[in-house]
Amino acid sequence: MPRTKNKARRGRGGGKTQNRGGPNWRTDAVETVDMNNERFNNCLREPLPTTFRVAGSRQAARLLNDTIKETHVPHLAGVIFEGEVVSPPTQLPWYPDGLAWQFNVSKKVLRKQPEFKRFHSFLVFETEVGNISRQEAVSMLPPLFLEVEPHHRVMDMCAAPGSKTAQLLEALHAQDTATASSIPSGLLIANDSDNRRTHLLIHQSARLPSPALMVTNHDASIFPVIKIPSEQTIFPSGTKTRVANKRQHQLLFDRILCDVPCSGDGTMRKNPGIWKSWSPMDGNGLHGLQIRILQRAMRMLKKGGRIVYSTCSLNPVENEAVIAAALKSIPGFELVDVSNFLPGLVYRPGMTSWVPSVDRSVITDFATFQGYIQSLPESKREETKMVESHWPPAQAEAEELHLSRCLRIYPHLQDTGGFFVAVLQKSPGPLVEASALGSLEGKRQANAVEGLETSEVKKPKLSVGDVEPEANDGDDDAMLQDSQEGTESAPAIPSEPRAAASEKMKGKAKAKEGGDIHFKENPYTFMTSDDPIVQACITKLNLKSDFPVSNILVRNPAGDPVRSLYLTNDLVKDIVQNNDYTRIRLMTCGTKVMGKQEGAAAKREGAELQFRVLSEGLPVLLPFIQPESIITADLSTLKILMESYYPVIPGFPEPFRSMIESKPTGSHVVRFVPSQAGNFSLTHELVLPLWKSNASLTLMIEKKAKSALSLRVFGEDVTTVAREAAQQKRDSTATSVEAGVDIQGPEPGEDVSGIVIED
Ligand SMILES: C[S@@+](CC[C@H](N)C(=O)[O-])C[C@H]1O[C@@H](n2cnc3c(N)ncnc32)[C@H](O)[C@@H]1O
């Protein structure tokens, strides 16, 4: 943080003198270093460059990335605008496969310079349809460090609005092809405590539909135990089948992301408000919640599993202090050395020493918690919100905890926002006896056992639902956690006001009894495999026999296929069937694959009982559709389908025309093969849903997706919507010119942007 700012605040705070510990967040090294770095100061005042990531499954992302690299960037190189050279986009040096880009041009260039204007339109449309994600460079880091694989059980504790969730989903779907999606055996639970923000998550994740996704709405620090059946459990031979069948165990995760709420002081380049409102107390106040969220994650992790803890703050109280407190309270974890993980990433090591501010006026007079407490009159000691874990551990302890293995990203290093990342690994083996360990590890384990005293003494009884820790894990932590969920007493964590805490306890007790009566979402109900609607869909689409027909569900208690059919993988199905959906506060799960065909035309044609393939569900269904029922077409057919809403069947070229004429009305799937149409070529295969009416055809993709596709394939938006919009613009310009009004029409794509371009 800029030193001058702290000084100014101290001045305003009045009276307190510079302390022996030095300015806020100070390391020992700082004492000997000149803190005036002009580049750093200037950089903090500069707006961030625009960064984006090519999203989607690996193969699809590579194809689009090639388009950027080979079609757009060459045209953007050497551009001169108003006498100045404009730099083209460049790839972030550390992002795998060069899939992330950065550029720094003014809004004026994007609006007026023809090549950049075209590139901007391209970005806008591809962003709209989810193929490109505008995301801060540093925010792309945490999912990379998690190294998610398709079989992993992954938890995103604080997920909204969901840019990192999208990256995690992509990793889960790494084996997808450009047109077809795999059904990963793993799981991603994206959770956020803010109900409204979970809807952002649902919206975001619709761009990468996944049968392995669940969205929940919980306070992550008390995330409930999720039960799954223990079919793998080997019971003693005498166990009655009835007992064995009933057994469930706690789902533990392979990977957990804790991208926790933070003061956000690392975002000051894009949030100028931080310059005015920043206070060290923001970090002090969040510290307790941050520890509790991380501890909950540690309790839910499998042995050998990995947690990434991240914030967009540079305050050690929200970062190294949280890591140190969590590591000291729960044994069996260590910080991973990730120094060589992303070559090209420039960072600084975690801090091992700092002095927290004890109030808003940035008083950093106290090098230790004890010193601070002793400075207070006795009557005030109970009231202070400062706790021991705000301070750094002793130097030897900080070293033994390897706090320097954390990564600090400073804005001036690679022209980014400020960020903090720590990677924690849970030991794969059983815990070593505390007495057999070296001094610190022995103490850590002893402290942790103290912290869990009640449950350690009183082993929980398995009650209704018989939840055991995951069978192959034999994890005592999980068992203990079940019994004392929410009563966890890690040392030195700021306590909530008593009344609030006891209310929370009451609420939790209620939640433990069963569901949450305040949770108003609809339940998910699995349909039976022989349901006539399900069977009709299977026949109509000619699905193969390995289609997971028993994993289709609907969103109502009766199990009626009212509007949409969803598909989940086996693990999500197990979770839905073994947990009260209100207790886990399930907002959504799986992916929509079929939707009821609505509208007058469907009624007229007797198709109102038919379900059609949804474009978002098609990649998931595609591997199960018998190849002979997929219609083949070429680029000229695609052009006709793009240029008109309802092109009539006789207008299509042969052999497509005869092929489609032979098909019944209703939902179909078309494979557009690589081909030429005039000057344009389709370089890779596309598979899209189509609706056949009595006389015409409709490409069943959303308007914006159609425009993005058109821009990509034909270099311009040939869709009806674009033509109508252009006509409207021409008409209104003509009218205003006639009336002598000077109007500034919207720039192409601006109204649908989703990409906000800062000046
Ligand atoms: C830094 S943002 C997460 C950003 C997100 N990971 C992304 O990449 O888009 C922190 C999120 O934590 C949520 N949050 C705050 N307190 C929480 C809690 N106790 N449990 C779960 N989520 C919480 C906020 O609603 C916010 O969405």
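**Exercise 1. Find where Gly 162 sits in this predicted model, and work out whether Gly 162 is buried or exposed.**

Start with the place: Gly 162 belongs to the loop between β7 and α7. Next, count neighbours. There are 24 other C-beta atoms within 10 Å of Gly 162, and a residue is called buried at 20 or more. So Gly 162 is buried. Now see what Gly 162 touches: leaving out residues up to four places away in sequence, the contacts are Ala 190, Leu 200, Leu 201, Gln 204 and Ser 205.

**Exercise 2. Do the same for Ala 160.**

Ala 160 is in the loop between β7 (153-156) and α7 (163-172). Its C-beta neighbours inside 10 Å number 24, so Ala 160 counts as buried. For contacts, again skip residues up to four places away in sequence; Ala 160 then touches Asp 192, Asp 194, Arg 197, Thr 198, Leu 200 and Leu 201. As a last step, check the record: an unreviewed UniProt entry puts a "binding site" feature at ten spots you can look up, including Ala 160, Gly 162 and Asp 192.

**Exercise 3. Which residues come nearest to the ligand, and how many of each class make up the shell around the ligand?**

First, the nearest ones: out of 19 residues around the ligand, pick Cys 158, Lys 164, Ser 193, Ala 220 and Asp 259. Then sort the shell by class, which gives eight nonpolar, five polar and six charged residues. Finally, hold this up against the record: the UniProt "binding site" positions, from an unreviewed entry, include Cys 158, Lys 164 and Asp 259.

**Exercise 4. Test whether the length of helix α5 (residues 114-128) agrees with 1.5 Å a residue, then say why α5 is largely enclosed.**

Take the 15 residues of α5 at 1.5 Å each, and you should get a span of 21 Å; the end C-alpha atoms are 21 Å apart, so the two agree. On to burial: eleven of the 15 residues are buried, and therefore α5 is largely enclosed by the rest of the structure. Among the buried ones are Phe 116, Phe 119, His 120, Phe 122 and Phe 125. What does the covering? The cover includes β1 (50-54), α3 (58-76), β2 (79-81), α4 (107-112), β6 and α27 (703-714). Step just past the end of α5 and you meet Gly 130, with a positive phi of about 85°.

**Exercise 5. Put the four strands of the open sheet that has β4 and β6 at its edges in order.**

The order is β4-β5-β1-β6, with antiparallel pairing. The edges are β4 (90-91) and β6 (132-134), each pairing on one side only. Zoom in on β4: it pairs with β5 (residues 100-103) over two bridges, in the antiparallel sense. There, Gln 91 stands opposite Trp 101 of β5.

**Exercise 6. Trace the pairings from β20 through β21 and β23.**

Begin at β20 (residues 552-554), which is joined to β21 by two antiparallel bridges. Here Ile 552 has Leu 567 as its bridge partner. Move on: β21 (residues 564-567) runs antiparallel to β23 (residues 591-596), with four bridges. Ser 564 is partnered by Gly 595, and Leu 565 by Met 594. Then β23 is joined to β24 (residues 611-613) by three bridges, again antiparallel. Met 594 turns up once more, now with Val 613 in β24 as its bridge partner.

Notes:
Residues numbered from 1 in each chain as written. Predicted model: local features only at pLDDT ≥ 70, side-chain atom pairs only at ≥ 80, totals over all residues. Pairing = 2+ DSSP bridges. Near = placed C-beta within 6 Å. Nonpolar A, V, L, I, M, F, W, Y, C, P; charged D, E, K, R; others polar. UniProt positions renumbered as here; feature names shortened; annotations may be inferred. Buried ≥ 20, exposed ≤ 12 C-beta atoms within 10 Å, placed from the backbone. Contact = placed C-beta atoms within 7 Å. Expected span 1.5 Å × (residues − 1).
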